[in-house]
Amino acid sequence: MKIVILGAGQVGGSLAEALASERNDIVLIDSDEKTLRELGDRIDIGIVVGHAAHPDSLLDAGIEDADILVAVTNNDETNMAACQIAHSLFRVPTKIARVRAASYLQYPQLFDPQAIPIDVLISPEQLVSEYIARLMEHPGALQVLDFADGRVQLVAVRAVQGGPLVGHQLRYLREHMPKVDTRVAAIYRRNSPIIPQGDTVIEAGDEVFFIAARADIRAVMSELRRLEHGYKRVVIAGGGNIGLRLAHKLENRYAVKIIEQSHERCVFLSEELSHSIILHGSASDQDLLLEENIEDTDVFLALTNDDEANIMSSLLAKRLGARKVMTLINNRAYVDLVQGGEIDIAISPQQNTIGSLLTHVRRGDMVNVHSLRRGAAEAIEVIAHGDSRTSRVVGRKIEDIDLPEGAAIGAIVRETDGGSEVLIAHDDVVVKTDDHVIVFLVDRRQTRHVEQLFQVGFSFF
C-alpha cells in the first residue's frame with residue numbers, strides 16, 4: 001500500500017519504521033528537515049519537507065494515488081484540515097487522524113463524511129487511560145490487552161519464586177487447574193523470547209504472556225506469583241488530559257488524589273471531577289508526599305508530559321513507601337532503562353498508539369493489533385474468512401496450520417446462537433469461518449506472513 005504520514009514525531013516516526021519494514025510505500029511529511037533526514041537515512045521511506053496540511057506538500061508526497069493518509073502531527077487542527085483536503089481534492093480512500101482535545105472528541109458528529117471526513121480517530125490520551133485502567137483491574141500484571149471486546153485478555157506477568165508453577169513444566173498448569181483453560185503464548189527470559197512447549201520450565205524472573213477468558217485471568221496469575229490485594233488508594237501526579245481522563249474512570253472505585261502544579265488547572269480539575277481530591281503542588285515535593293501519607297498509597301501514577309519529572313517523582317514516591325509505581329515515559333530509550341527496578345511499570349504512549357494505528361493499515365480483516373516489547377513483538381486479532389478451499393486456516397486443526405516461525409495462535413472467539421464462545425487454542429481445535437483468531441508473534445517481521453495466511457484466494461489447491 002501507499003501510505004502518506006503527516007508528522008515525524010515519535011508516533012509518526014515509529015509508525016513509518018513499522019510500516020516500511022513490511023514493504024509498504026511510505027512518504028513522511030514534516031516541516032522539520034533535520035528530523036526527516038535522520039529518519040530517511042535510517043529507514044527506506046520518502047520524505048517531503050513542508051506544511052503537513054498544504055495541498056502542494058501533499059502533492060509532492062504523491063497523495064493522488066495514496067491508499068491511506070495518517071495525520072499524526074502535534075496539532076489537532078492541522079490533522080483535521082489535512083483529512084478534509086485529502087478527501088475534497090484527492091479522494092484518498094482512508095483517512096486516519098490523531099485528535100487529542102476532548103472538546104472535539106465529545107462531538108462525534110463532527111467526524112462525518114458530510115462534515116470533517118475522518119474515517120478513524122485516534123486519541124492517545126484515551127488509549128493510555130484505558131490501558132492504565134486495565135492494569136488497575138489486575139494488580140501484579142505488567143501488561144493487560146483486550147481482544148474480542150474484552151472477552152479474552154492477554155496478560156504479561158513476572159513469575160516470582162514461590163509461585164505454584166515456578167520450577168515446573170508448563171504441562172503441569174493444566175493438571176493443576178483442570179477447570180481453567182489458558183495458553184502461554186510466549187516467555188521472555190533475560191529479554192530473549194522462548195517459544196513455550198509442554199516441557200518448558202518456568203523460572204523465577206520470566207516475563208510470561210498468557211491468554212485466557214477474562215474471568216480466568218486472576219486464577220492463572222495466581223499460578224505464577226502470589227496474588228496482590230486489590231488497589232484502594234491512588235495518587236496521580238499530573239492533572240493534564242491523561243490524568244483527568246483516568247481520574248474520571250477511577251474516582252468511583254478508588255480513593256483518588258491528583259497533584260497538579262498549575263493553580264488554574266487545579267480549579268478546572270475540581271470543577272470537572274466529583275470525588276477526587278485535588279492538591280496544588282509538586283509531585284517531587286517530599287514534604288507534600290509525606291503529608292498525604294504516600295506510604296499508604298497503593299498506586300502512584302506519574303502522568304505529566306515531562307519524562308524526567310515523572311521518573312524522579314516516581315523514584316521518590318517508591319522510596320517513601322508507595323506500594324506500586326507506574327510512570328508515563330515518552331522517550332522510548334528510557335523505557336527499558338527504568339522498568340523493573342524502582343519503577344514497576346513504564347507506560348509508553350507511543351506503543352499504545354502505534355498498535356491502534358496498525359489495526360487500520362494492515363491487510364486482512366484485522367480487529368486488533370497490539371504492539372509489545374517496545375515494538376519487537378505483536379499480538380493480533382484477525383477474522384478468518386472463506387472455506388477449506390479458499391482459506392489456508394478455515395477447516396484446519398491448529399496443529400495443521402502453517403504458521404511462520406515464532407508465531408502462535410493463543411485463542412479463538414466464536415459467535416454462537418447463545419452468544420460467544422472462547423476457545424483456548426489447543427492442537428485439535430478446528431478454525432471455522434468468521435472466527436476471531438488471536439495470534440502472538442515474538443518477531444513482528446513475520447506479520448506479513450500472518451496477513452497472507454488469512455487472506456482468501458480462489459483456491460489454494
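**Reading the predicted model**

Colleague: At its relative accessibility, does G50 count as buried or exposed?
Modeller: This is a predicted model, so the value is computed from predicted coordinates. The relative accessibility of G50 is 15%. The cut-off for burial is under 20%. G50 therefore counts as buried.

Colleague: Where along the chain is G50 found?
Modeller: Strand β3 covers residues 46-49. Helix α3 covers residues 55-60. G50 is found in the loop between β3 and α3.

Colleague: Which residues does G50 contact, leaving aside its neighbours within four places in sequence?
Modeller: One partner, I29, also has V48 in β3 as its bridge partner. Another is S57. The full set of contacts is I29, D30, S31 and S57.

Colleague: What distance separates the C-alpha atoms of G50 and H263?
Modeller: Along the chain, G50 and H263 are 213 residues apart. In space, their C-alpha atoms are separated by 38 Å.

Colleague: How many bridges join β1 to β2?
Modeller: Strand β1 spans residues 2-6 and runs parallel to β2. One pair in this ladder is V4 with V27. The number of bridges joining β1 to β2 is 5.

Colleague: What is the handedness of the β-α-β crossover from β1 to β2?
Modeller: β1 and β2 run parallel. The chain passes between them through helix α1, residues 10-20. This crossover is right-handed.

Colleague: Through which helix does the chain cross from β2 to β3?
Modeller: β2 and β3 run parallel, joined by 4 bridges. The β-α-β crossover between them is right-handed. Its helix, residues 33-42, is α2.

Colleague: How many residues of β2 are buried?
Modeller: Strand β2 covers residues 25-30 and has 6 residues. The strand is mostly covered. Its buried residues number 5.

Colleague: Which strands are the edges of the open sheet β7-β8-β11-β9-β10?
Modeller: The sheet has 5 strands in that order, with antiparallel pairing. An edge strand here pairs on one side only. The edges are β7 (141-147) and β10 (192-194).

Colleague: By what angle are neighbouring strands of this sheet turned against each other on average?
Modeller: The pairing in the sheet is antiparallel. The angle ignores direction. The average is 20°.

Colleague: At what angle to β7 does helix α6 run?
Modeller: Helix α6 spans residues 124-137. It lies across β7 and β8. Its angle to β7 is about 115°.

Colleague: What is the bridge partner of R189 in β10?
Modeller: β9 covers residues 182-189 and runs antiparallel to β10. The two are joined by 3 bridges. The partner of R189 is S192.

Colleague: What is the phi of N191?
Modeller: N191 is found in the loop between β9 and β10. It is exposed, with a relative accessible area of 62%. Although N191 is not a glycine, its phi is positive, at about 70°.

Colleague: Does D149 count as buried or exposed?
Modeller: D149 is found in the loop between β7 and β8. Its phi is near 55°, a positive value in a residue other than glycine. At 75% relative accessibility, against a cut-off of over 50%, D149 counts as exposed.

Colleague: Which residues does S348 contact, leaving aside its neighbours within four places in sequence?
Modeller: S348 is in the loop between β17 and α14. Its relative accessible area is 9%, so it is buried. Its contacts are I329 and V335.

Colleague: How far apart are the C-alpha centres of domain 2 and domain 4?
Modeller: The domain assignment places domain 2 at 128-224 and domain 4 at 362-454. The contact takes 23 residues from domain 2 and 23 residues from domain 4. Their centres lie apart by 19 Å.

Colleague: Why is helix α15 largely enclosed, and which strands are included in what covers its buried residues?
Modeller: It is largely enclosed because 6 of its 8 residues are buried. These are T447, R448, V450, E451, L453 and F454. Their cover includes β18, β19 and β22.

Colleague: How many disulfides does the structure hold?
Modeller: C83 counts as buried, at 0% relative accessibility. C266 is buried too, at 8%. A disulfide needs two cysteine sulfur atoms within 2.5 Å. The number of disulfides is 0.

Definitions and conventions
Residues are numbered from 1 along each chain as its sequence is written. This is a predicted model: local features need pLDDT of at least 70, side-chain atom pairs count only at pLDDT 80 or more; totals for chains, interfaces and linings use all residues. Side-chain values use heavy atoms; hydrogens and water are left out. Buried means under 20% relative accessible area, exposed over 50%, partly exposed in between (1.4 Å probe, protein chains only). Two strands pair if DSSP finds at least two bridges between them. A crossover is right-handed if, with the strands pointing away from the viewer, the path from the first strand over the helix to the second runs clockwise. Axes are lines fitted to C-alpha atoms, for helices over the stretch in contact, and angles run from 0 to 180 degrees between N-to-C directions. Contact means heavy atoms within 4.5 Å. Domain bounds come from an automatic or database domain assignment.
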